[in-house]
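Colleague: I would be grateful for a close look at one part of the model shown here. Please describe how that part is built and join the details into one connected account.

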Amino acid sequence: MGMIGQHLLNGLMQGTIYGLVAMGFTIFFGVMNVIKFSHGDVLTLGAFGGLVAVWAANALGLSVPLQFIVALCVAMALTAVVGAGISHFLIMPLRNAPPLNMLLMTMMVGTAIREAIRLFFPNGTNPQRFPELLPAGGFNIGPSFFRTDAIILIIAGAASIGAVYWIINHSKFGLAMRAVAEDTETARVMGINFGRIIPLTFALGSITAGFAGMIYALYYSEINYSMGLLLAVIGFTAAIVGGLGNIWGAIIGGYLFAGLQTFVVAAMPSMSDYKNVFAFVLIIVLITWRPTGLLAERGSERV
Amino acid sequence: MGTISKRGLAALAVASVLPLAFGSFSAAFAKDKVKIAFVGPLTGAISPHGIGGRNSAELAVKLMNAEPNTKYEYELVVLDDECKPNVGVQVVTKIASDRSIIAAIPHYCSATAIATVDIFNRFKMPMVVWAAVLPEITYAKKYPEVHRVSGILIGQNRIGAQFMKARGYKKFVSFADSTDYGKSMNKYFTQFTLENGNEILGSFSVPPDQQDLSAELTKIKELNPEVIYFGGLTPLGARLRTQMAKFGINAQLEGNSGIMGDAFVNAAGPELAEGTLTFFDSPPLSKMPGGKMFADAYKAAGYSEPPEAYGPFAYVATRLVMETIEKVGPDRAKVTTDLGDVKDRPSIVGPVTFDDHGQNITPLTTSYVVQDGKWVVWEESEYVSGKRKLKNLP
């Protein structure tokens, strides 16, 4: 097991992506009791938005770091707008409908986004090559090879998780968000603009998806229209395992899932085809053992 | 009926006579239309190969229709199987149940072809596979409808194993996709590599659409093989090559017909593709008997996409189907019988001979290496003269 450091790094990279996706699920659920299944497709949309931005920036002759910044901003802005739009036009009007209707509706929105990318993006069915905007190469520590881009992305991912945590727990907007999550009616009586806070919350959750989409695109240098599908299932699972509605739970769930996948390949290389099966089976066992998640949502504190 | 006016009656009369007049007119000058179908992956990650095949089949039809002495005018019905077995089953059922379509030229992807052979048999529709190389497509069952001009993957793995042994390589890792195709590739790679006395340190199997290969590559890095054998198609192959570089793995990449074609070089980039080996059941276009004719005609037709590795085979399969229809007429049963007798039939890729399973037994396996972004026949490459070197040579 000389490569343990390498496996750890791989797991951290994937865990960061899963954790970011799971965090979105947990924010939506915490505030609105909504399971928003279009989350993965919003992530895909962010990555494609980023790709178009890189093309445009490249055509304008911008330098690589500038291309990177433009792509990141476009991906996050696009997902924020789409997330806020979904909440304002679809989730808010339906907020008193049965939860099942909401779930179905978000699934359909996700399918619509996914198919729209496939049909309207040029050659949308084919995987798209994402330009390498981060420094290539890396360095060896013992037998492990540390990719520079992976380290940058892990740090960026962790920083964004920290930023979202700070916004929720220490900003005025976060306070309003938590108030709405706690008791919508009282929050409104206290003068919190409900109709503004909800779309903003969804924008925040969707920005994390856009960020995750960019991390994915930069790490693998390849994106495709259906990449959000499995990521959404894994992210949602991670959120459930960690305890839906609990931010730290989502992050722990994300790293746990990545850890399980990595462990299978490291321990049993010939079984690598079954890594998702193995990880999901263990998750089922975990959910049976702790139905409310590893870190259960505390009644008094949401999000 | 009493309300029909005189003018109405006159119009009816004209309408009933016109087709008669024009019918006899057209019979004298135009030929009967015969429909044949081409099936391949036109969308999705494998589409460069499908589109190259489609263009080549279309070219065969155009050239045939331009010949003055043919009995029929051919129309090519083109369908997309997306390289997915379920989609393949749908589109093949559609064409097979349409009696106006006489024969088919189906499939690039083996996993799709193996799923549809039963349908061709059930609907008694003759077909000639243009690219898929899984042995079971022709050999698992003895269907008279099923034929194939492309080779089978056993030969390329045998030649490949001998080639690697001759270079002195000893330690291998196998990396294949988890479809029937990848499994079969891995099976014959393993068999022939072990027969040559070489060692396989590990075998990996991943779904063809898996993005993240980091866990597998970490393990491979630990195993430290001299050669990574790849049994799969272009997108996964290019992804493997790209991520190998990102992980600093400096092993020689040994591919097979699945990555043969410009699409692999384009996807991995010329620098990373450099030195990649592959074994493919055909000499290059320039060495084929009708290669120059095909290349010139393809260029003249103005296609913007390259024919890719199997384009000439799609051309040959389409041409073969049309020649057979010319001979026996547009009748599925007669076409099936006559295709069974194909022997030493000249074609642009060389003579075609079907064995009793409808398998073309004449393909010539050739070794290729990527040199400056092009697939070059090994014997003519700078790697033979020693000017360039493969990786990890002992």
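Modeller: The account below takes chain B as its part, from overall build to single residues, and ends with the chain that it touches.

This is a predicted model, in which local features need a pLDDT of at least 70 and side-chain atom pairs count only at pLDDT 80 or more, while totals for chains, interfaces and linings use all residues. Residues are numbered from 1 along each chain as its sequence is written, and chains are lettered from A and ligands numbered from 1 in the order in which they are written.

Chain B contains 14 helices and 12 strands; these are DSSP runs numbered from the N terminus, helices being H or I over at least four residues and strands E over at least two. Along the principal axes, its C-alpha atoms occupy a box of roughly 95 × 40 × 40 Å. Of the 394 residues in chain B, 52% are buried. Here a residue is buried if 20 or more other C-beta atoms lie within 10 Å of its own, exposed if 12 or fewer do, and partly exposed in between, with C-beta atoms placed from the backbone. Among contacts in chain B with a separation of 6 or more, 71% join residues 24 or more positions apart; two residues are in contact if their C-beta atoms, placed from the backbone, lie within 7 Å.

The chain divides into domain 1 (31-152 + 288-363) and domain 2 (154-280 + 367-380), with bounds that come from an automatic or database domain assignment. Taken over C-alpha atoms, the centres of the two domains of chain B are 28 Å apart. Each side brings 15 residues to the contact between domain 1 and domain 2 of chain B. On the domain 1 side, the elements giving two or more residues are α2 (47-66) and α4 (110-122) of chain B, and α4(B) gives the most, with three. That side comprises 11 nonpolar residues, three polar and one charged. In this classification Ala, Val, Leu, Ile, Met, Phe, Trp, Tyr, Cys and Pro are nonpolar, Asp, Glu, Lys and Arg are charged, and the others, Gly among them, are polar.

An unreviewed UniProt entry annotates residues 33-373 of chain B as "domain: Leucine-binding protein". UniProt positions are given in the numbering used here, with shortened feature names, and annotations may be inferred rather than shown by experiment. This span is 44% helix and 18% strand, and its end C-alpha atoms lie 43 Å apart.

Three loop residues of chain B can be placed individually. Cys83(B), in the loop between β2 (72-80) and α3 (85-96) of chain B, is not a glycine, yet its phi is positive, at about 60°. Cys83(B) counts as buried because it has 27 C-beta neighbours inside 10 Å. Asp344(B), in the loop between α14 (332-340) and β11 (366-371) of chain B, also has a positive phi, near 50°, and is a residue other than glycine. Asp344(B) counts as exposed because it has 9 C-beta neighbours inside 10 Å. Gly275(B) is located in the loop between α11 (270-273) and β10 (277-280) of chain B, and it counts as partly exposed because it has 16 such neighbours inside 10 Å. Neighbours within four places in sequence aside, Gly275(B) is in contact with Val369(B), Val370(B), Leu390(B) and Lys391(B). Its C-alpha atom is 9.3 Å from that of Glu254(B), 21 residues apart along the chain.

Where chain B meets chain A, 26 residues of chain B are in contact with 25 residues of chain A. On the chain B side, β7 (199-206), α8 (214-223) and α9 (234-246) each supply at least two residues, and α8(B) gives the most, with seven. By class, this side has seven nonpolar, 12 polar and seven charged residues.

For chain A, an unreviewed UniProt entry places the feature "transmembrane region" at several spans, including residues 12-35 and 225-245. Residues 12-35 of chain A are 88% helix and 0% strand, with end C-alpha atoms 26 Å apart. For residues 225-245 of chain A, the figures are 76% helix, 0% strand and 28 Å.
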